[in-house]
Amino acid sequence: MKQKPIEEGYFKIKEDGTPVLIGSYSAAADVHYFPIRKQCPITEEPVETVELPVEGILYSWTYVYMPMMGSAKMGTAGHGVGQIDLPNGVRVQANIEGEKGDWTIGMKMKLQALPIKTVGDTELCTFGYAPA
Amino acid sequence: MIDDVYVIGVGMHEFQKMSPPVRDMAYVAGKAALSDAGIKFKDVGALYNGYIGGGMLEGISYAKDFGLTNVPITHVENASATGSCCFRQAVKSVQSGDTEIAMALGFDDMIKMGMGMMKAMMGETPKIEQIVLPAAFFAMWATRRMHEYGTTEETFAKIAAKNWNHARLNPYAQRRADHEVTVEEVLASKPVAYPHTSKMACAAGGGAACAILGNKKMAEKYANGRPLVKVTGSQSKSEHYTPGHVFLGAVVGPGDLTKVTTKALYEKTGVGPKDLSFVHVHDAFPIEELMYYELMGICEEGEGDRLVAEGATSIGGRIPFSTDGGLTARGHPGGPTGLAQVWDATQQLRGEAGDRQVEGANIGMIQMMGAGSICIMHMLQREG
């Protein structure tokens, strides 16, 4: 089945099925951002669009005891959410795969495409992380 | 022209889970504040309406219930900080000399707002910005805090139980338990987002609150033998960049936004943390209140847990927080929340807070956050 992001501009799914986040880099501040910024929020200088590293370290996590967000089903009794620090300084807030007890602060996490809805032969995905 | 500004009247409609129409609550709170001040609506020179939900021009429509007086009306919205922002605009209006009396009126029904949002989202593909819930954002603060400082779930439960028990003394609070709420009871309530439980989460509901501001001449004219309540400082800040800044989510923003805003307020007023009689904060979850103890300089970094263990932030303690029950138990309808803080602070400083009175209350500090990205703070001081 084909996969595509539920919304454009945050991440893309490559030909081989691997997802990658799209962010911004400010050369003036030497700072990366996610999601894309219109300009550098520190220097007000232009930014360039870049792909961000797919692996990072779990900074914090929680388990939300609700399996749904609107029409999107997440988990069975609930779903995990984490903050992941990428090696370039970006902190991403996203869903994380697994159940309560699966996560430890400091563990390595890898970006995943998480299907939340099927339309015809296409899975619409958000992005998230799973223990690497 | 810079005038000194005073709170000359406050009023509330009870915060409730099942509340009457918002329009009715707004009228009750507004009339209560006008009556408390001893004035008529025709005396008001500017009206600021604060609401998050509701339709277009709702505030203008509701104002007609008070009278048709040519008064300028402005709608203010700043997420959870809506009521505080409304109050700040009214303060500025009087301070600038534009008017002698201004009215800040907040009203909302968070439950109806939430149902409307969920209904709109059902069947729709969710937006990436909406997928991480506000409850998750605050819970991740808590998990990180536990990792860094060894904070326990019991500490969070103690803060929540304290606020539930403060609310028992507030006739307008949404959650008024018929018994002393225990730490065990808070921990045993339904889990929401680890480590937070439902009794730690702010109470969503409906309500309205109002504050009327005046210059010194008006404050003295309508004092009616009561001490004056002066607004000695007003600060509002949005985010600044910090390493690890989070940009994506319903609630984002660096924790130390409160530190920066508090510092500016302390500098402007010449007041320090040791001078404070009580504090109101945006305690949507207890991790916030715990963090604010430290970010406001009430104690050193990492010492907040000890403050809780000692009971220092309870009424009767060294520095009571959320004396009306806070967002946890007084409730958080949205627009009126920051104005409910002003209602309690004014009663405290006048010595009219009854069973929840902080002895010798002289200076109160009030803080609200809006979507984690806006911090609005005020300093109120008793005069006379």
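**Figure 1. Charges on chain B of this predicted model.** Start with the charged side chains: chain B carries 36 positive and 42 negative charges, and the mean positions of the two groups are 4 Å apart. As for the surface they sit in, the accessible area of chain B comes to about 14300 Å², with 51% of that belonging to carbon and sulfur atoms. Chain A gets the matching treatment here, with 12 positive and 16 negative side chains whose centres lie 4 Å apart. The accessible surface of chain A is about 6100 Å², and carbon and sulfur atoms make up 50% of it.

**Figure 2. Chain B, overall fold.** Chain B is built from 13 helices and eleven strands. Its C-alpha atoms fit a box of roughly 55 × 50 × 45 Å along the principal axes. A compact globule of 384 residues would have a radius of gyration near 21 Å, and the 19 Å of chain B agrees with that. Buried residues account for 61% of the chain. Look at contacts with a separation of 6 or more in chain B, and 78% of them join residues 24 or more positions apart.

**Figure 3. Chain A, strands from end to end.** There are twelve strands in chain A and zero helices, so the element string simply reads β-β-β-β-β-β-β-β-β-β-β-β from the N terminus on. The C-alpha box is roughly 45 × 35 × 25 Å along the principal axes. For 132 residues, a compact globule would come out near 14 Å in radius of gyration; chain A has 15 Å, which agrees. Some 48% of the residues in chain A count as buried. Of the chain A contacts with a separation of 6 or more, 48% are between residues 24 or more positions apart.

**Figure 4. The nonpolar cores.** Nonpolar side chains tend to be buried together in soluble globular proteins. Here the largest core has 128 residues, and those with the most contacts inside it are A:Phe127, A:Tyr129, B:Phe87, B:Leu276 and B:Met296. Helix H5 (residues 134-149) of chain B gives the largest share of this core, nine residues. Apart from it lies another core of 30 residues, including B:Ala33, B:Cys210, B:Ile212 and B:Ala223.

**Figure 5. Helix H10 of chain B and what covers it.** Helix H10 (residues 286-295) is largely enclosed by the rest of the structure, because nine of its ten residues are buried. Those buried residues are B:Pro286, B:Ile287, B:Glu288, B:Glu289, B:Leu290, B:Tyr292, B:Tyr293, B:Glu294 and B:Leu295. Their cover includes the chain B helices H5, H6 (153-167), H9 (257-269) and H11 (304-310), along with S6 and strand S10 (363-370). After H10 comes B:Gly297, with a positive phi near 75°.

**Figure 6. B:Glu129 in its loop.** This residue lies in the loop between helix H4 (110-121) and H5 of chain B. With a relative accessible area of 31%, B:Glu129 is partly exposed, because it falls between the 20% and 50% limits. Setting aside neighbours within four places in sequence, B:Glu129 touches A:Tyr10 from the other chain, plus B:Leu248, B:Gly249 and B:Ala250. B:Ile212 is 83 residues away from B:Glu129 along the chain, and their C-alpha atoms are separated by 37 Å.

**Figure 7. Two cis peptide bonds, one in each chain.** In chain A, the bond from A:Phe34 to A:Pro35 is cis, with omega near -5°. A:Pro35 belongs to the loop between strand S4 (31-33) and strand S5 (48-51) of chain A. In chain B, the bond from B:Tyr194 to B:Pro195 is cis too, with omega near 5°. B:Pro195 is in the loop between strand S5 (191-193) and strand S6 (196-197) of chain B.

**Figure 8. Positive phi without glycine, at B:Leu57 and B:Ala79.** Most residues other than glycine have a negative phi, and most peptide bonds are trans. B:Leu57 has a positive phi, near 65°, and is placed in the loop between strand S2 (46-50) and helix H2 (58-63) of chain B. B:Ala79 has a positive phi of about 50°. The loop holding B:Ala79 runs between strand S3 (73-76) and helix H3 (82-95) of chain B. B:Ala79 counts as partly exposed, at 23% relative accessibility.

Technical notes
Residues numbered from 1 in each chain as written. Chains lettered and ligands numbered in written order. Predicted model: local features only at pLDDT ≥ 70, side-chain atom pairs only at ≥ 80, totals over all residues. Heavy atoms only, no water. Helix = DSSP H or I, 4+ residues; strand = E, 2+ residues; numbered from the N terminus. Rg over C-alpha atoms; globule rule 2.2 N^0.38 Å. Buried < 20%, exposed > 50% of the residue type's maximum accessible area, 1.4 Å probe, protein only. Contact = heavy atoms within 4.5 Å. Areas by Shrake-Rupley, 256 points an atom, 1.4 Å probe, with all protein chains shown as cover. Lys, Arg positive; Asp, Glu negative; His and termini not counted. Charge placed at Lys NZ, Arg CZ, Asp CG, Glu CD. Core = buried A, V, L, I, M, F, W, Y, C linked by side-chain atoms within 4.5 Å.
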